[in-house]
Structures are given as C-alpha cells and as structure tokens.
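Q: Please take a close look at one part of this model, the largest nonpolar core: which residues have the most contacts inside it, and which elements give two or more residues to it?

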Amino acid sequence: MQALVVERLTGDLSGAGLADVAEPQRGAGEVKVRVRAASLNFPDLLMTRGEYQFKPEVPFTSGLEFAGEVLEADPESGFAPGDRVMGGNKTGAFAEIACVPAGKLSTMPAGLDFPAAAAMGAAYSTAFTGLVELGGLQEGQWVLVHGASGGVGLAACDLARALGARVIATTGSPAKAEAIAALTHPEAVIVAEGRFREEVSRLTGGALADIVFDPVGGDVFDESTRCVAFGGKLLVVGFTSGRIADVSTNIPLIKGFSIVGLRAGEYARRFPERGTAITRAIARLAEAGAITPAIDRTFPLSRWREGFEAMARRELVGKVVFVPGA
Ligand SMILES: NC(=O)c1ccc[n+]([C@@H]2O[C@H](COP(=O)([O-])OP(=O)(O)OC[C@H]3O[C@@H](n4cnc5c(N)ncnc54)[C@H](OP(=O)(O)O)[C@@H]3O)[C@@H](O)[C@H]2O)c1
C-alpha cells in the first residue's frame, strides 16, 4: 500500500516521501481501517522536523487522524467490518490502511462525509476540552481565539459560537480576516499584531475576555495577559509563533486570572469517561448541524507535499485533507 513515510527528520520535508510499504498487521485489541480521508495537523509538520513533544523513531508513517471504514475488528471491540469510524494514534494516518487500538476510534457522526469527519476529530476535541472542560465556558461569555485561521483556531471559533459565546477571532494574517468571518461569524476579527488590548476592551465594553484560547504563543500570549477578565482563563494551546512565552507571575495575581495548560489527548487518556463524553457532545453538535469543520484544500495523498507546504507557509484557512489511493 502507499503511505507517507518519514525516513529522516529535516526542516524542509526532504526526509519524507510517498512509499510502497507493507500493510500494517492488526495487533491485539486493534482495529484495521481502510483510510478514506486523513487530515493534516500542525504536529504532523513538527514531527517531520523532530520538533514535536512526541518523537517517533524514523522511519514512521505520518498522520495523526483519519476517517474510514472498518476492515477487521474483534467482536468485543464494539466495531464491525463496514462501520464508518474516525480517530488516529499519533502516526500512521497518511496511508491506505491503518491499524489502531479500538479505544482510539469513534463512530462517525451521522451526516458527515469522510473528509469532514477526518477534519473534525483533533481540532474539535482540542477546542471542546479547552473551552468547555477546562475553561468552563458559559453562554454569553466573551472568548478571544488566536490563530483563528488554523484547524484548531477555527474549530474553537465555531464551537464557542455554537455554545452561545461571543467570539473575537484574531489572525496574524490580515488577508485571512474576511474568510474567517465568513466561516465562523464571530463578533469581530482583529489583527493580532503588536497591541490589541484596546481593541478587545472596546469590543467587550471594557469587560475583556472570559476565556483566551491561544495556539500561537510568543508576543500574542504576552499581549493576551492584558486581555483576560478578572476570574478569566488564558488557555495555553500551542506555540505556532515559534516562541514559548515567559510570564511574570505577578500579572495573573494582580489581574486575578488563571493560566491553564491544555493537552486534549492526554486529558482524554487520563479521564477516559470525559473523553467519551467529549466525543459524544461533539458528535451531537455535528449531527444537529451546529458545528461544521472548515476544509481549505483536499489533495490525493500523492500531493501530500502541497498540503504540508501550504501549512508551513501559513496559507491556510481551515484544514488540509488527503485522500489515499486517489
Ligand atoms: N494543546 C493541545 O492539546 C493541542 C492539540 C492540537 C493542536 N495543538 C497545537 O495547536 C496549534 C495549532 O495547530 P493547528 O493544527 O490548528 O495548526 P494550523 O492549522 O497550521 O494553524 C495554526 C495557525 O497559527 C497561526 N500562526 C501564528 N504564527 C504562526 C507562524 N509563525 N507559523 C504558522 N502559523 C502561525 C496561523 O494563523 P493566522 O495566520 O490566522 O495567525 C495558523 O493558521 C499547534 O501548535 C498544535 O501543536 C495543541
């Protein structure tokens, strides 16, 4: 079968390539799935460079998440051949066939096609875990979402609005503002460069944000410490800016807010019943049409490089989806 294999860790994707590899063998407790669509996440890009916190040994098949049809499963897994499932296990999704533990899969929400299901999983579970589980999001609250054109950022905007929050989306790329607004209908889209506290204060009538969702870090994080309401939460989601911020701890003390680290996957591993509840809540919202993942581009897996490069060049508004075997 064809798979995207990372042979060497490099900064320019030169160590990765499409290869003919043996089909993975299903291990104990695993489900074998024909991958119909797989979506690209920022950690996939980081893993080709060896820059992600999870560092698989080379060679490895790239790809965090997919949607597809079950080919083989143990009866006690709860899955049967033909079931439409979504999920992933950190690597292995950018291939025609994947084998993953049954607990890493869920049934696709009704009404979603394979590309939408592949694009939904990681982004929306990250957004839900951050905003609802850790952030305690309430209807009517102000939510400030950074990196709003990204997979995780767009999901956070879409989910927050579906749950009745008032969303201010930010982007570092002014040209993307219109597309972000059209996809998620926030109260406002602002350009997060330099100072943006005054704009957040003006938009919220001086209240500031109850929750800040920050996948960008660096200067955006620093300025965000001035945008959180008393009693609010600043969620540390990622560092796409490339800089991990330092914070003077007198700031959260004086301003009375919390800085909360988010690890959505680890949260679901440590609290499996909450993980299941999150998956079900997202599926219900998707089935009701309240949330819809945004796909920017779809490529056959043979054109994987175009997707990775578009992400590295920060061109995307939404997800890249790869279709294996196309
Ligand atoms: N904590 C968790 O549990 C968890 C789970 C999943 C992902 N993440 C993290 O969340 C982050 C976003 O992931 P994603 O898959 O949504 O990535 P993505 O689709 O590439 O989106 C990232 C966004 O970050 C913004 N950005 C700001 N500075 C950037 C820079 N120098 N280079 C590239 N992008 C930059 C861009 O938005 P604008 O152009 O609009 O500014 C970009 O669209 C990553 O750091 C990832 O590791 C965390």
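A: The protein chain exposes about 14300 Å² in this predicted model, and carbon and sulfur atoms supply 50% of that area, while buried residues make up 50% of the 326 residues. In soluble globular proteins, nonpolar side chains tend to be buried together. Here the largest nonpolar core has 47 residues, and those with the most contacts inside it are Met120, Leu131, Val143 and Ile291. Two or more residues of this core come from each of the helices α2 (114–134), α3 (151–162), α8 (264–270) and α9 (272–287), and likewise from each of the strands β9 (142–145), β10 (166–171) and β12 (209–214). The largest share, 12 residues, is given by α2.

As for the setting of this core, the protein chain has 10 helices and 16 strands. Its radius of gyration is 19 Å, close to the 20 Å that the globule rule gives for 326 residues, so the chain is as compact as a globular protein of that length. Along the principal axes, the C-alpha trace spans about 60 × 40 × 35 Å. Of the contacts between residues at least 6 apart in sequence, 66% join residues at least 24 apart. Turning from the nonpolar side chains to the charged ones, the protein chain has 32 positive and 37 negative charges, and the mean positions of these two sets are 3 Å apart.

Note on methods: Residues numbered from 1 in each chain as written. Predicted model: local features only at pLDDT ≥ 70, side-chain atom pairs only at ≥ 80, totals over all residues. Heavy atoms only, no water. Helix = DSSP H or I, 4+ residues; strand = E, 2+ residues; numbered from the N terminus. Rg over C-alpha atoms; globule rule 2.2 N^0.38 Å. Buried < 20%, exposed > 50% of the residue type's maximum accessible area, 1.4 Å probe, protein only. Contact = heavy atoms within 4.5 Å. Areas by Shrake-Rupley, 256 points an atom, 1.4 Å probe, with all protein chains shown as cover. Lys, Arg positive; Asp, Glu negative; His and termini not counted. Charge placed at Lys NZ, Arg CZ, Asp CG, Glu CD. Core = buried A, V, L, I, M, F, W, Y, C linked by side-chain atoms within 4.5 Å.
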